[in-house]
Each structure stands twice: as C-alpha cells, then as structure tokens.
Amino acid sequence: MAHTRNTKHAKHSAAAGYSRSGTSMRRTLRREAPSTIGLLADEQDFAAMQRYRTFTFDDHAVYLQQVEGLLKALAAQGMHATVALFDPEEYAEFCTESGIAPDAPASRSRFTAEIASAGATVAYAGQPIDALIPLLVSRAVRQATWEYATMTLAGLGDCADCGQDIGRAAFDRASHLLLRMLETAGPGTHHLVCSAPTENEHLLAVLHTERDTTGPTRLETAEGAEFVTVLAVGIALEKPGGVVLRTSNRGTQDRVHGWRLARGSLIPLTAGEVFSAYCTDADTGEPVAPESHVEYCAGFDLGADEPESHH
C-alpha cells in the first residue's frame, strides 16, 4: 500500500514538474515570438472597420490609447513588437481573395501578418503613438512609391532599336548618376530629394546618407534602392523632374545643389535656379524666406561617361 502511495506521489510530482516545465518553456517561447499590431492610423479607416460586429472599439482616441498601452506592455515583457498600417479596403479585398470571413479576429490577425511580411512596418522602441503614426505612414508611402516605380520600370519592355531592357538600363544609369553625385559632393551628411512625375502619379523619393573622408560612397540601404528606382523612372520616361542635394559639414554652411531631368539626363541648375526652386512654396507658389546658414549653389557636372548598359 505504501508502495502504491509512493508511486502515485512520484507520478503526481513528475506530472506537476512537467507541467511547470512546459509552462516555463511556453513563456520563454512567447517572449521570443515577435508581435505585430495592425494599426488604424486615421479616423476614416477606423470608421470603416466599425461595420464589423467583432470590431468592438467605438472611439478612435481610446483605440489609440489601448494600442499604445499594449505596445508598452509587450516591451515591458521584453518582447519585440512592430506596427503595420492596416488598410480596410485592402483587408476586404484580402478576405475576398482568400475566401475567409472579414468579420472575425482571426481574419484580421492573418491580414496583419500578411501586410507585415511586405516590409512597411515600424519597430516599437518606446516612442509615443503620436510620433509612431507619422513614421508608419511615411514608411507605407515609401513602400507604395517603390512598388509603383518598380512596376513602371518592369512594364517598359525592351528598346525597339537596341533590344535592351529599358527599365534595367535606366536603373543602371540612375545608380551611376547618384554615385557620381555623392562622390563629387565629397564628405559630409547628404540629404537628397528626387521628383519624377509619371502619367498617373508624382513620385518623390528621399535619401539621407553620410560619407567620410576615407572610403568610397556606398549605398546599401533600402532608401538608396528606392531613390535610384524613382530616379530611374524619371530617366526612362523622359518627363520633367529634378534632384536636389543638400550637404552639411560641421563648422560650415550647408550647400544646396540642384539638377533638372531632361531627355533622361540630369542637367545642372544655376545658383539662381536653385535659389528660386528652394525658396518657393511648392503648393502655393509663394516665395519662402531663404535660410541664413545655407549657400545656394549651381549643380555640378556629373560627367559624360555612362555605365555599359545605358540605353
């Protein structure tokens, strides 16, 4: 009888130990599993989701407070969390194409995982929700711009005269011009903006990079690829556009240079044209006061040599 009791006790202890061990392991795994939150950034998108019965929030401000609280709680547990922009129209299309019910938390979770895999996310690092939302929207706009520019280049086909892929050649040309621009600008912190209109969209790309005095210019960031792709669209379509470069170095004035896109090339602007472009409000056309610590300079010649694959 004692043996039976001891056996039962041993089995109970082993089961309890296994249960505690299993719970501990699951907690460990949970801390190492990343979390992604699909965020409804504006009130219009929030209102669109309210037609679903299982979406129980009724106030956008309160919803944002709850999202921020959840992010803080995840961070406090040592968990990595990212935020993705949740678009109700894309969600409805996703549910239709996937054959799943849109009025279900599991469907929203699945869609959030899908959009997160596309790359337009922001990692939570303790920033307030008011600071996180503009960053997330900007990231999503950049992603959409890059996708549209990439599709535009891919749809141009081959040159009827030489058989080259027009988009590929334009991309190579844009890469070459950007590297020449940064190499000629020299060391410093460089901020570039490229404007390239298409038939349906006006594309904008921004690039922020630094170059020291010892090494060559290197572009390994996603921003670099996005910038080159948008510039390539302007080159391939041969529509009016332009590039502005602002260079900063400690102890000196910032320098601003500019170029206009013409016939697939970057033509240097004069100092007066750079001043006029930089000191004019793009929306109203009204003059803007020049900055006191900025020198407005002519664009420099980027040279006539081109990559071998230039169309």
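Q: How much space lies in the largest cavity, and what makes this a cavity?
A: About 50 Å³ of space lies in the largest cavity, where a volume is the space filled by probe spheres set on grid points that are joined across faces, edges and corners. It is called a cavity because, on a 1 Å grid over the protein atoms alone, it is a set of points where a 1.4 Å probe fits but cannot get out. A search of the whole structure finds one cavity of 30 Å³ or more. This is a predicted model, in which local features need pLDDT of at least 70 and side-chain atom pairs count only at pLDDT 80 or more, while totals for chains, interfaces and linings use all residues. Residues are numbered from 1 along each chain as its sequence is written, and side-chain values use heavy atoms, with hydrogens and water left out.

Q: Which residues line the largest cavity, and what makes a residue part of a lining?
A: A lining residue has an atom within 4 Å of a grid point, and R142, T145, W146, L204, A205, V206, E226 and V230 line the largest cavity. Two or more of the lining residues come from each of α6 (129-154), β5 (202-211) and α8 (222-237); such helices (H or I, at least four residues) and strands (E, at least two) are DSSP runs, numbered from the N terminus.

Q: What makes the largest pocket a pocket, and what is its volume?
A: A pocket is an open set of points with protein on both sides within 12 Å along at least five of seven lines, and the largest one has a volume of about 610 Å³. Of the 22 residues that line this pocket, the closest to its centre are L85, D87, E90, I115 and A140. The largest share of the lining, six residues, comes from α6.

Q: Why is E68 not counted as having a salt bridge?
A: A salt bridge requires a side-chain nitrogen of Lys or Arg within 4 Å of a carboxyl oxygen of Asp or Glu. For E68, the nearest side chain of opposite charge (Lys and Arg count as positive, Asp and Glu as negative, with His and the chain ends not counted) is K72, 4.1 Å away. The distance of 4.1 Å is not within 4 Å, and therefore no salt bridge is counted for E68.

Q: What does it mean to call E68 buried, and where does E68 lie?
A: Buried means under 20% relative accessible area (exposed is over 50%, partly exposed in between, with a 1.4 Å probe and protein chains only), and E68 is buried. E68 lies in helix α3 (residues 60-76). Leaving aside neighbours within four places in sequence, E68 is in contact (heavy atoms within 4.5 Å) with P128 and I129.
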